[in-house]
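Hello! I am handing over a structure for you to look at, and below it I have written up what turned up inside. Open it first and then read on.

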Amino acid sequence: MNLFLTIVLDGLIEASWLFVVALGLTLVFGVLKILNIAHGSFYALGAYIAATAVTIAAAYSLPPALGFVAMLLSVALIAAVVGLLLERGLLKMFYGRDEVVLLLVTYAVFLILEDTTKLIWGVNPIYASQPYELFGNAEFAGLNYVGYDLLLIPASAAIGLAVWFGLNRTVMGKIVLAVIHNEEMSVSMGVRVNRVYAAAFAFGVLLAALAGALTAPKISMQPGLSSDVIILSFAIVVIGGLGSVEGAAIGAILVGLARAASVHLMPQAELFVIYLIMAAVLMFRPEGLFKRETARRI
Amino acid sequence: MRQVHPLVMLVPVIAATLFGRMLPTWTLSLATIAASNALVALGIVVLARTGNVSFGQGLVFAAGGYGVALIANSWGITDAVAQMLIGAVCGGLIGLAIGPLISRYSGIFFGMLTLALSMVFYGALVKTTVLGGSDGFNVVRPSLFGISFVDPREADFMLYAVSVVTTGLAGIAAAVLFRSEFGLASLAVRENNLRVEYLGISANRIITINFVIAAVFAGASGAFALMAQRHIDPQFAYWTTSGEFVFVAVLAGYQSVAAVFVASLALELVRSFSNLYLPNTWQLVLGVFLLAVILFLPRGIGSLWTRQRRKRAESSAATSTAAEEGVAS
């Protein structure tokens, strides 16, 4: 019973930050129809910047709580600016090209960002563990957990709800949904699709970087981080259905639980299990669990 | 367009093989790797004519490599040609096993599913301690027709010759295939698979056969990579390996078989030069190079020499496809 609870809790903690990353990926795909390989790099970028921010805050001996908040805000801002520059400066030039070509463009961006982070932060592991002790330890049904980890679950749930609300209950969100649904029609209705593209991409980058910042205190930052994360979040969005917010949530929970279960029960099968689930889902529901019906041109 | 006869295409292959005699040793091993990568990319081009791009060729590539390594180690087969054939058979078997499964998918889902399968394989390899886990294992130096090569330069040239000839023959086979009825039907699948079905041809079967061809190429290439490195590890199946093969295919464009070899060689040259002069930023150089090619040569390196020849044919085709894309987006 205890093992079961441990798996569920560990899985949810894992799922919480994965969900935030996958949410960004699925939104960018929904609006721009780009499967963004560089998304993992934005996560890594966020984590690295957060580590730097924490170090600076510690150097000025700010109270950790204030430093933590400042870190989240600064990360989000920097990431959104990077995202905006990338979309306007680079991706814009490739719109209308083949899906696979766009995929390769983001692969090129991934390669470039990978080395850029190496140039800036070096290849040695970086730590930013100060905020990790911020919320103390918590006991939950006889299990000891770090408070920070447990708080990640409601935090990501709040982010998810905010995004859902923003998309479905605000005018701006409705416009984004319209662009997702039918871009040409939106243009003819006077929607400035270019702005929606830029905003959606920047927002996706922001979510990835935010997830990076949130997890920065838990992990060690080193090269290879981005490629691990992108592989996991690809699995999540494909399981859930590309472009679906609910799908990203379900996919993240499935992947999180599967990861936690395999870590506790069968550590040798970790990556294997996740991709097995993805392959199984694709076999039976080729477009993911939350499939949107689309018309087929004949 | 005037068509070149397949036998005429043998001339550049033979010339390239003999040219290897004049190359310094370091370019020889580089060219071997380039030829071997070109073989996988050629398979991707064959498959891409049906509109599907595989992001999991690393799976077949690794399966070919591991198959050869295991069989060669246990049966004591060191012959380069035999190893290449074993790799091709292993790749083909894998292709036959998963081809029918994935032929139902198209576009981005095809890519994602192949990626998933290759990552499952990667995960399994990393955790298989019998096969050396993430460290992999070593194999012995290959021989040819009973001759073992003691001089490393001779051994390098032998491997270069075998890989260039194999890749060249595969390229000629692909060129013949592209002109055949089957090759044209493959193109039709990319344009509209439903209409192909209406004509009484099975689109799934066409995709499957093309996938098996691509798998045979990738399996043979895995054998070359194994022979060149004399070492194998799960990195063969990792997604960045597969990504590089797609990279070469896109660099080449889908118009010319020869472009695949040029693109593969260009990639290896860029890689080794930036490795030499900018050791910490070669990925950055690679990324900028890829972006530049996609931006300035949208139809790939092949368009540098096929453009003139096909200008008239293409200008009419381009306008019709552009109109169609406008409707699709």
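What volume does the second largest cavity have? The second largest cavity comes to about 70 Å³. Before going further, please note that this is a predicted model, in which local features need pLDDT of at least 70, side-chain atom pairs count only at pLDDT 80 or more, and totals for chains, interfaces and linings use all residues. Residues are numbered from 1 along each chain as its sequence is written, chains are lettered from A and ligands numbered from 1 in the order in which they are written, and side-chain values use heavy atoms, with hydrogens and water left out.

A cavity, on a 1 Å grid over the protein atoms alone, is a set of points where a 1.4 Å probe fits but cannot get out, and lining residues have an atom within 4 Å of a point. A volume is the space filled by probe spheres set on the points, which are joined across faces, edges and corners.

Back to that second largest cavity: among its lining residues are A:S41, A:Y48, A:E114 and A:K118. Two or more lining residues come from each of α2 (39-59), α4 and α9 of chain A; helices here are DSSP runs (H or I, at least four residues), numbered from the N terminus. With 4 residues, α4(A) gives the most.

In total there are 3 cavities of 30 Å³ or more, and the largest has a volume of about 100 Å³. Both chains line the largest cavity, with residues including A:Y107, A:F234, B:F55 and B:W239. By class, this lining has 10 nonpolar, 2 polar and no charged residues (Ala, Val, Leu, Ile, Met, Phe, Trp, Tyr, Cys and Pro count as nonpolar, Asp, Glu, Lys and Arg as charged, and the others, Gly among them, as polar).

There are pockets to explore too (open sets with protein on both sides within 12 Å along at least five of seven lines). The second largest pocket holds about 620 Å³ of space. It has 28 lining residues, and those closest to its centre are B:Q235, B:T240, B:T241, B:E244 and B:R271. The lining divides into 11 nonpolar, 9 polar and 8 charged residues.

Finally, confidence: pLDDT is the predictor's confidence in each residue, from 0 to 100. Chain B averages 77, and among its elements α13 (residues 303-328) has the lowest mean, 51, while α9(B) has the highest, 87. Over residues 314-329 of chain B the pLDDT is below 50. Where pLDDT is low, the predicted coordinates should not be read in detail. The model scores ipTM 0.79 and pTM 0.81.

Happy exploring!

Note on methods:
Contact means heavy atoms within 4.5 Å.
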